[in-house]
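Here are a few exercises to work through with the model open in your viewer. Try each task before you read its solution.

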Amino acid sequence: MKNKGPLFVVFLLFAVLLSGCSPLTVLDPKGPVAKTQSDTIMFSVFVMAGILAVVYILYIYMLTKYRATKANEDYVPPHIEGSKWLELIWTIIPVIIVIVLSVVSVRSTAAVETTPKGYENEKPLVIYASSSNWKWHFSYPEEGIETVNYVNIPTNRTVEFRLYSYGPITSFWIPQLGGQKYAMSDMVTKLRLVAEHADSYLGRNSNFNGKGYAQMEFEAQAMSPADYRKWVHDVKTTAPALTKEEFNTLLNTPFVGRKTYSSTHLSFSPPPMEGKDMSNMNMDHKTDEKDSSSSTKTDGMNMNHMDGMNMDSMNMDHTQHSNN
Amino acid sequence: MKHDTSLALEYRTEENENRILGFWLFLGAEIVLFSTLFTVFFTLSHRYGNGPTPHELFELKGVLWETFLLLTSSFTCGLAIHSMRLGLKKPMMTFFIITMLFGLGFLGVEVTEFITYVHDGATIQTSAFLSSLFTLLGTHGAHVTFGLLWGTAIMIQVKKYGIDEATANKSFIFSLYWHFLDVVWIFIFSFVYLKGLM
Amino acid sequence: MKWDEFFVTGEPMIYAADICIVLASLAIIIGLTYFKKWGYLWREWLTTVDHKKIGVMYIISALLMLFRGGVDALLMRTQLAMPNMTLLNAQHYNEIFTTHGVIMILFMAMPFIIGLMNVVVPLQIGARDVAFPRLNAVSFWLFFAGAMLFNISFVIGGSPDAGWSAYFPLASKEFSPSVGNNYYSLALQISGIGTLMTGVNFVVTILKMRAPGMTLMKMPMFTWSILITSVIIMFAFPVLTIALLLMMFDRLFGTQFFTMTNGGMDMLWANLFWVWGHPEVYIVILPAFGIYSEIISTFAKKNLYGYKSMVVSMVAISLLSFLVWAHHFYTMGMGVVGNGFFSIATMAISVPTGVKLFNWLFTLYKGRIEFTTPMLYALAFIPSFTIGGVTGVMLAIASADYQYHNTMFLVAHFHYVLIPGTVFAVIAGMHFWFPKIFGFRLNERIGKIAFWFIAISFQVAFMPLFFLGLNGMTRRMYTYSPETGFGPLNMIATIGAFGLAIGFIFLVYNIYYSFRYSPRDTTGDPWDGRSLEWATHSPVPEYNFAIIPTVDKLDAFWFAKQDKKSLFEGKKIEEIHMPNNTGGPFVLGVVFFFLGFFLVFSWWIPAIISGVVVLILLAMRSFERDHGHHIHVEEIVETEQKLRGDNA
């Protein structure tokens with residue numbers, strides 16, 4: 001009716017806002033992954049705007065033309081069963097649109113799941129990002145350093161984040177560099193991002209995980225490779241080493257500020273079954289346990305249970321008995 | 001009430017027909033329920049944690065007894081319904097009693113088996129595999145237990161009122177339920193025990 | 001357990017709620033006693049097996065739950081109106097968004113729809129009642145027991161706080177040690193069993209109890225939508241039953257299904273939850289499509305355009321709804337193939353949905369559109385739901401979803417689907433069928449004021465969330481800092497939320513006002529309707545139709561009116577067989593409530609006793625030989641004359 005006009009205006013505003021040089025974080029990408037996603041989003045917005053336009057034009061036409069107040073006293077609406085052709089048209093055209101979007105979806109998903117174009121030749125920088133309570137641990141296995149609640153990365157190089165969690169599922173997200181991925185306790189997921197501008201980006205956990213969720217942010221600082229090397233060197237020379245005790249304390253503290261260490265926790269608290277197929281990972285788990293020394297294993301398990309619930313410790317006792 | 005005497009007694013009123021269709025639909029939902037349990041079991045069936053594997057746990061003898069008892073009870077349940085259709089109250093009751101006894105025997109073996117597992121240190125808390133195993137078997141066992149109570153209630157009613165539209169309908173629906181539990185067991189036998197022992 | 005752990009303490013808001021609950025209960029008890037209404041309440045409502053009264057009870061409960069969930073929403077929106085607000089702390093906010101989600105989906109949308117289908121479906125197919133009237137009462141009381149159990153959690157023991165999706169390991173005992181999530185698993189389990197039985201009941205009702213001549217393809221569209229919905233319920237709810245059972249086992253018995261040790265698998269919960277959860281979305285949206293089909297065709301004065309393709313598209317949607325659950329966690333790392341499959345399946349749903357949309361638009365074509373209150377809701381639905389739909393397709397694109405996932409964009413999307421889709425539909429349906437149930441229409445003027453408040457405020461409340469999402473604001477965060485720049489848009493959204501609240505106040509006031517002042521409708525057909533429910537009197541007599549109508553085409557009642565014929569010709573009034581009222585279902589509901597309550601607190605002995613009582617009640621039912629009663633011809637004639645007498 002008459003007042004659906006404003007809705008249309010709202011929608012136009014929506015389209016204009018999105019397509020203009022917009023300040024919205026997600027549509028302001030600073031790397032190839034986020035760029036692919038932003039382009040995909042804008043493409044879908046335009047397609048959707050087209051569909052909305054068709055629906056709204058038909059809608060406004062029907063509502064203005066066929067109002068009872070406009071009709072003659074004796075006008076009786078005709079009986080119309082339907083129309084094969086029309087119904088076929090509004091089945092086939094959406095099917096075509098869905099096919100187009102499917103191609104876009106699969107291709108763009110493939111693009112963001114692999115190393116970005118132009119960066120294939122260089123080996124990615126691996127950083128393990130793990131969450132515990134309401135903080136993020138970043139371990140740099142190549143450099144042998146670790147940070148908490150901030151991550152420094154070199155620009156123009158693929159960074160492969162390997163994600164896992166010491167508790168509830170979290171989601172690792174730096175909107176301006178690319179979309180998010182879950183960090184879970186029993187597998188490692190991988191997220192490859194590239195920053196093309198030296199800048200500071202806001203990253204956060206985007207999957208609800210309890211009381212401190214709203215504060216679970218970190219800073220991702222992209223810096224030139226030279227600056228990055230210098231920073232790594234500084235950390236290695238000035239920061240303290242990360243001991244097992246220190247790491248346990250970290251895990252048990254709900255919130256900590258920024259921390260920097262000159263060694264990683266990966267040696268004494270390794271990530272869960274990395275890169276193994278989910279279906280047979282238990283078999284592997286079992287052999288892993290047998291191979292590794294028992295002390296490492298128990299420590300690793302303890303890490304998973306920083307809250308030390310009674311029930312779990314009971315289970316652990318129990319399992320140890322049965323092993324003996 | 002419509003009385004169409006060309007139909008079997010259990011179908012003879014509109015309400016009876018509705019009940020039988022309704023129960024078939026309910027069994028459809030039960031199939032989904034057990035399928036979900038099977039899916040959970042298959043997903044977790046290799047996650048032994050620090051607990052035992054099926055090879056260390058399962059013993060074929062008890063399982064074969066369970067299978068024999070439940071399958072036979074399903075057969076006698078069919079005979080009971082056959083007698084009911086012929087209007088023979090006494091054989092019907094006899095076959096029903098045999099069905100119940102075999103069902104009870106099945107349950108007895110299953111409970112013994114559970115006790116053995118627990119004695120071997122394999123409890124529902126030990127590992128994901130065992131949690132899903134106990135839950136799947138337990139859900140089936142709970143269905144059998146409920147079936148025994150229900151079947152007994154129906155037997156008492158048949159004894160009290162004879163074979164009429166109401167009791168025939170109830171007995172028939174109960175037989176559907178009992179056959180269904182048998183089918184579920186066949187899947188458990190094949191995909192839990194045999195596959196676990198392979 | 002100490003008393004201060006048993007009752008939730010330390011929050012002024014909770015104390016206020018405690019006082020309100022006590023006062024309201026006292027008021028109800030005193031009122032019932034003073035007006036001597038206990039007997040009336042017991043005879044006419046608590047023991048009823050009449051589908052219309054059960055439907056009304058469902059709708060009243062749903063309105064109460066709408067109020068509860070709405071207060072949750074207002075608290076959340078107030079907390080988010082400005083940066084660094086301190087109205088709620090994190091824990092309180094977490095509980096509130098969890099209960100908001102659970103209540104709105106499971107204890108508001110579902111029962112509202114089940115209430116409408118209870119009232120309408122038997123009338124639309126020309127039946128005397130549903131197939132299993134007593135089971136229907138059991139369904140209602142189980143739902144009600146579940147709803148009450150869930151609602152007491154916020155004063156006794158603490159509410160669940162892990163989100164309505166209760167993802168593990170967050171919802172495990174390790175990370176959510178309070179009993180809140182026990183309430184979640186048990187309350188949903190109890191009401192879920194009721195819903196499952198409703199599904200079975202309505203499939204049988206619709207398949208077996210249609211009026212003579214009404215073949216499947218001559219059924220009204222709302223009945224079609226309920227048939228399909230009931231089938232989805234039958235296939236989806238057992239999955240929830242199992243998921244909740246495993247959750248309960250993990251939390252109460254220490255099993256290892258979703259734990260982090262001994263082989264537990266947290267994502268298994270997410271999979272099970274959404275295998276039920278996505279079809280659930282269609283369980284609440286397909287009946288809404290049915291309601292809109294009825295209303296649009298009635299007030300355009302035209303038959304529904306493309307009836308066959310409407311049916312086919314609903315069947316297609318119901319099948320696809322089971323194939324898309326994993327789009328709720330593209331970000332789990334399923335890889336390109338997995339995400340690709342679910343992405344395409346999800347987008348495929350937009351095709352049948354689009355077909356429906358165009359069919360509605362072309363039902364308006366060459367119509368004679370009357371802008372009544374129900375029609376206004378139906379017309380507001382089309383443009384708003386389209387936005388919800390197209391943003392759904394945007395979310396279906398996996399790569400882009402990595403950016404939308406868990407953000408306000410998603411929140412905006414599903415509110416754009418659920419509010420114009422489901423909420424507008426049930427409100428429209430309530431206005432539309434109100435005269436059928438109570439014999440008078442809701443006031444149109446107040447109805448329209450409420451409509452404009454709701455329709456406009458809805459846009460104000462949720463449009464900003466799309467932009468907040470794209471700006472990086474995630475859902476479920478209880479506060480944000482001023483530097484984020486989220487402030488202004490959040491303020492707008494909050495204003496919209498309060499506008500919606502004003503609209504709902506008008507809506508409820510309208511019910512009160514109309515009860516007092518609305519002129520009684522004596523025709524039984526106030527809207528010039530098309531389907532069978534308008535062929536009988538309003539309010540509908542206990543037996544629905546004195547004579548079962550005979551049908552030869554879709555909209556038979558409409559054509560009979562045109563041709564000045566009657567659907568009841570050539571048949572005499574005969575004795576009618578009706579089921580007896582019974583207190584059994586109510587008692588069963590009460591016992592289930594206590595069973596759930598005892599399990600929540602792991603009080604085993606009382607829980608076992610309650611379980612045994614349930615079995616005893618079932619056995620008593622089995623031994624009961626209740627053949628119902630007959631209404632004699634004279635009595636029917638008398639009732640009919642009285643109802644017709646009003647006509648004169």
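The exercises below deal with a predicted model, and each comes with a worked solution.

**Exercise 1. Work out what the salt bridge between A:D186 and B:R47 connects.**

Start with the contact itself: the side chains of A:D186 and B:R47 meet at 3.7 Å, N to O. That passes, since the cut-off for a salt bridge is within 4 Å. Next, place the partners. A:D186 sits in the loop between β7 (178–183) and β8 (189–193) of chain A, and B:R47 in the loop between α1 (14–44) and α2 (54–57) of chain B, so the pair joins two chains. Finally, check the surroundings: A:D186 and B:R47 are both buried.

**Exercise 2. Find out how far apart in sequence the partners C:R530 and C:D555 are, and whether they are buried or exposed.**

First, the distance: the closest N and O atoms of C:R530 and C:D555 are 3.0 Å apart, and the two form a salt bridge. Both residues lie in the loop between α17 (487–517) and α18 (556–562) of chain C, so this pair ties together parts that are 25 residues apart in sequence. Now accessibility. Buried means under 20% relative accessible area. C:R530 comes in at 3%, so it is buried. C:D555 has 13%, so it is buried too. While you're in that loop, look at C:P539, which is also found between α17 and α18: the peptide bond leading to it from C:S538 is cis, with omega near -10 degrees.

**Exercise 3. Contrast that with the pair A:K30 and A:D28: buried, exposed or in between?**

A:K30 and A:D28 form a salt bridge, with their closest N and O atoms 3.7 Å apart. A:K30 has a relative accessible area of 22%, so it counts as partly exposed. A:D28 is at 26%, so it is partly exposed as well. For context, the whole structure holds 27 salt bridges over all chains.

**Exercise 4. Describe helix α9 of chain C: its span, its bend and its surroundings.**

Take the span first. α9 (residues 266–299) has 34 residues and reaches 50 Å from first C-alpha to last, close to the 50 Å expected at 1.5 Å a residue. Then the bend: the helix turns by about 30 degrees at C:W274. As for the surroundings, 31 of its 34 residues are buried, so α9 is largely enclosed by the rest of the structure. Past the helix comes C:K301, with a positive phi near 60 degrees.

**Exercise 5. Which backbone features stand out at A:N156, C:K36 and C:P169?**

Begin with the background: most residues other than glycine have a negative phi, and most peptide bonds are trans. A:N156 has a positive phi of about 55 degrees although it is not a glycine. You'll find A:N156 in the loop between β4 (150–154) and β5 (159–165) of chain A, partly exposed at 39%. C:K36 also has a positive phi, near 55 degrees. C:K36 lies in the loop between α2 and α3 (38–46) of chain C and is exposed, with a relative accessible area of 72%. For C:P169, look at the peptide bond from C:F168, which is cis with omega near 0 degrees. C:P169 lies in the loop between α6 (133–152) and α7 (180–208) of chain C.

Key
Residues are numbered from 1 along each chain as its sequence is written. Chains are lettered from A and ligands numbered from 1 in the order in which they are written. This is a predicted model: local features need pLDDT of at least 70, side-chain atom pairs count only at pLDDT 80 or more; totals for chains, interfaces and linings use all residues. Side-chain values use heavy atoms; hydrogens and water are left out. Buried means under 20% relative accessible area, exposed over 50%, partly exposed in between (1.4 Å probe, protein chains only). Helices (H or I, at least four residues) and strands (E, at least two) are DSSP runs, numbered from the N terminus. The expected span of a helix is 1.5 Å times one less than its number of residues. The bend at a residue is the angle between axes fitted to the seven residues ending there and the seven starting there.
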